[in-house]
Amino acid sequence: MKQWKKITIGISVTIFSLLIILSGLSYNILNRSLPAYEGEVKLIGLAAEVNIYRDEWGIPLIKAENDEDAAFALGYVHAQERLFQMDIARRAGEGRLSEVLGSETVSIDKMFRTAGIFKLAVESYPKLNPLSQKILNAYSKGVNSFLKEAKGRYQAEFDILGYYPYPWKPEHSLVIAKLMGWELNISWWTDLTFSHLAQKYGFEKVKELMPDYPQNAPTIIPSQLKQIGAVTNNLIKVDQQFRALTGFVGTHIGSNNWVVNGKMSASGKPIIANDPHLAYNAPGRWFFVMLRSKDWNAEGFTVTGMPAIVIGKNENIAWAMTNVMADDADFYAEQIDTTGTKYFFDKQWRQLSIYKDTIVVKDSASVVFEIKKTHRGPIVTDIHPYNILYPNTGIQPAAMSMRWTGFEFSDEMFAAISINKSKDWNDFKNALRNFTVPGQNFIYADNNGNIGYICAAKLPLRASNSTTFVNDGTSSAYDWKGFVPYDEMPKVFNPSTNFIASANNKTVEKFPYHISNIWEPPSRIERITQLLNSKKLHSKDDYKKYQNDFVSPYAKMMTKYILSAFSSVKVNEKNLNLALHLFENWNYEMDSRSQIPTIYSFYLHSLIKNIFEDEMGKDLLKEYVFVANVPYRIIQKILDENSSSFFDNIKTEQIETRDDIIRKSLVDALASLEEAYGKDIANWQWGAIHKVVFKHMFHDNSTLLDKIINIGPFEIGGDGTTLFNTEYSFSELFEEKRDNRKNHRSNPYENILGPSMRYIFDFADPDYLEFIMPTGQAGHFMNSHYKDMSQMWLKGEYIKLPLREEIFINRSKFVLKLIPK
């Protein structure tokens, strides 16, 4: 954790830790902040009584007479369980973190104030569908009823930071929806990185560093990059700071989902599955809810702060989601006049929109700054005063504006509620007309046996598919021309293959519009397809095995090149011989108990380093590998083509080949392992190095406190290319000196992202749904439901949840009655 945060909360945490040990009174105080699961609460704002039943896992069934009371109760329950999580999220989107965390979050606040997410939410709310407004209003009343009723008994995190949460507004839910879009939008990181590379290497060589370049871009890289100032990575660095603070680390921000119809199902009915891959935190990302009211009957996974089921099912349909990886943002190098008030566009000067904003900072003076906007969007260059990447070039940094589809008006709330209430494919398809960000692959199934797919994203219409670089802002030639009509977006209904699967892979082979060039490597979708084609019929138990699968087709491809490079070489060194023998007999499973995944992972790190570092240098290489799917895909590409100039080490006299670099990389990997873990390969088990910890925002302040608020560490298998995605940070492997004060700093090869939940539903067994989450329902670290699902998640086990109201109520442990006051 960063030093500033230690200063902000360190003393409080120390005292807090001592009190936990020494004072039974403090224990009672902490327990007093736990949510009430039973009893009666009289509240203003309800039309009728609402009953909230909870089972042994803390899963609530909300029984209401009408939709608004259901939304009210959902707001109340979310606030009961996850109020601090909700508050930090809305503060981030509003640009109000510094009010409670101090001066070191000013840059994050500037970023989101400049992006204008809260301002957009305020402007959007009056334009929303009346149903969206009604549900958002009711939800906000529920949150605020809990704020009023529980004042003085909030979560301990509020006491540590010394503040009370302010009232919830409908706009805050819109902020959290946009914030999810921001988190899942990583395409713009590569725009800035590849622009850096183009400015350093020239336009021909950089093509070697771009995945699928010939397919996704014209032959000639845009020439205007030669004329513009140095492209800065300020925005990337501030966004990384935000993600580190909130725990939104990791870049394999994708998922797996698939569905088979009755012809491929052992039960004769569709079976659907989903496991979204998101950064790990404690508490977790999802909160499971069952809603029962007059017109709103659905169950599934909610995001606290938003009043709808995001992924789940109702009595007629089920749906699952993965990230489209849509390229939904562009940057423009703007020419600003000497007064800083105008920008040059189509041969004339236009007035910038300029206004001042103020950030209130805890224990410091407020920060006043200017926000400037062009007709495209905000100027994002000066969000934070980091040095530009190449400070000695003599080139002035480019002033860059940003356009993102998330800046457009949209009504995802109406889309979500409409999906929750959909009765069939047509309802579902119409609901997604209102969905913009984050672009998602929606997979569908219904109780009539149908399956389907919709690519729901707002794709810009551009003059060129060359969207990988910063554009020339002085011309309208690069402005968006509108958006791809929803009716032309990719859709599939009841395909002849009898199954549909997505894993952030390329959406469609031939499509007239640009979708993305940052698809995930095909390893996961290849494995899903392989498993679904491995037998005629599939059951729920098969699905469970698939979701917990650690076999990597990517590792199989890499092993082929390793064995080929050594095929004609005499090897005398003992561990090198043994490693090659292990590779020859490997089944490509990244088993936590095996040594070969460790050797392979260290080899992959050495391979990336030996191919690129001599020319890129450490800093630019770290930036290049930050979005993990880029190095994964480019390594596969250049190994296959065997013609890259990057194989040659420019610091040596000889000209190295692909096989030279492969052999050197394996030798280097073994040397690193021997130095770190000894020469006995038996001690190199993958799980001893590759571990997962679900970290609380306050982690790393106290070893004692970490044992209470963190969950783990646990040994784990897999990597970023297995179905059970267990990503570790590539960029942190290239840290020269590790600063452990940085927030959400992970150890080398530590698993930082993966399945944020798993869910399976078989329409032949409509009374039960099976799911699991990596932590638990609760946000209070003293609650028994804070981490009660972790061991089941690790072991590949599932909770079998009864969906029939009477069965759930009969098995429930608690009932809380919300009574109109």
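**Close-up 1. Asn-494 in the loop between β19 (491-493) and β20 (499-502)**. Asn-494 lies in this loop. Its phi is positive, about 50°, although Asn-494 is not a glycine. The model is predicted: local features need pLDDT of at least 70, side-chain atom pairs count only at pLDDT 80 or more, and totals for chains, interfaces and linings use all residues. Residues are numbered from 1 along each chain as its sequence is written, and side-chain values use heavy atoms, with hydrogens and water left out. Helices (H or I, at least four residues) and strands (E, at least two) are DSSP runs, numbered from the N terminus.

**Close-up 2. The open sheet that runs from β1 to β19**. This sheet has 11 strands in the order β1-β27-β2-β3-β6-β7-β8-β9-β16-β17-β19, with mixed pairing. Two strands pair if DSSP finds at least two bridges between them. β1 (39-43) and β19 are the edge strands, and each pairs on one side only. From one strand to the next, the twist averages 15°. At one edge, β1 pairs with β27 (residues 814-820) in the parallel sense over 5 bridges. Glu-40 has Lys-817 in β27 as its bridge partner.

**Close-up 3. The open sheet of β15, β10 and β18**. Here 3 strands follow the order β15-β10-β18, and the pairing is mixed. The edge strands, β15 (399-404) and β18 (471-472), each pair on one side only. β10 (residues 329-334) and β15 are antiparallel and share 6 bridges. Tyr-332 has Ser-401 in β15 as its bridge partner.

**Close-up 4. Two cis peptide bonds, each before a proline**. Val-437 and Pro-438 are joined by a cis peptide bond with omega of about -10°. Pro-438 sits in the loop between α14 (425-431) and β16. Gly-712 and Pro-713 are also joined by a cis bond, with omega of about 10°. Pro-713 is in strand β22 (residues 711-715).

**Close-up 5. The second largest cavity**. A probe the size of a water molecule, rolled over the atoms, shows where empty space is left. On a 1 Å grid over the protein atoms alone, a cavity is a set of points where a 1.4 Å probe fits but cannot get out; lining residues have an atom within 4 Å of a point. Grid points are joined across faces, edges and corners, and a volume is the space filled by probe spheres set on the points. The count is 8 cavities of 30 Å³ or more. The second largest holds about 360 Å³ of space. Its lining has 29 residues, and the closest to its centre are Met-180, Val-310, Met-321, Phe-435 and Pro-438. Two or more lining residues come from each of α9 (170-184), β5 (271-279), β9 (317-323), α13 (412-420) and β16 (440-446). The largest share, 5 residues, comes from α13. The lining divides into 21 nonpolar, 7 polar and 1 charged residues. Ala, Val, Leu, Ile, Met, Phe, Trp, Tyr, Cys and Pro count as nonpolar, Asp, Glu, Lys and Arg as charged, and the others, Gly among them, as polar.

**Close-up 6. Helix α7 against α9**. The axes of α7 (residues 130-149) and α9 come within 8 Å and cross at roughly 105°. α7 is therefore roughly perpendicular to α9 (65 to 115 degrees). Axes are lines fitted to C-alpha atoms, for helices over the stretch in contact, and angles run from 0 to 180 degrees between N-to-C directions. Leu-136, Asn-137, Tyr-139 and Ser-140 in α7 meet Pro-170, Ser-173 and Leu-174 in α9; contact means heavy atoms within 4.5 Å. By class, this contact has 4 nonpolar, 3 polar and no charged residues.

Methods:
1 Å grid on protein atoms, 1.4 Å probe; cavity = no way out; pocket = protein on both sides within 12 Å on 5 of 7 lines; lining within 4 Å. Parallel < 35°, antiparallel > 145°, perpendicular 65-115°, else oblique.
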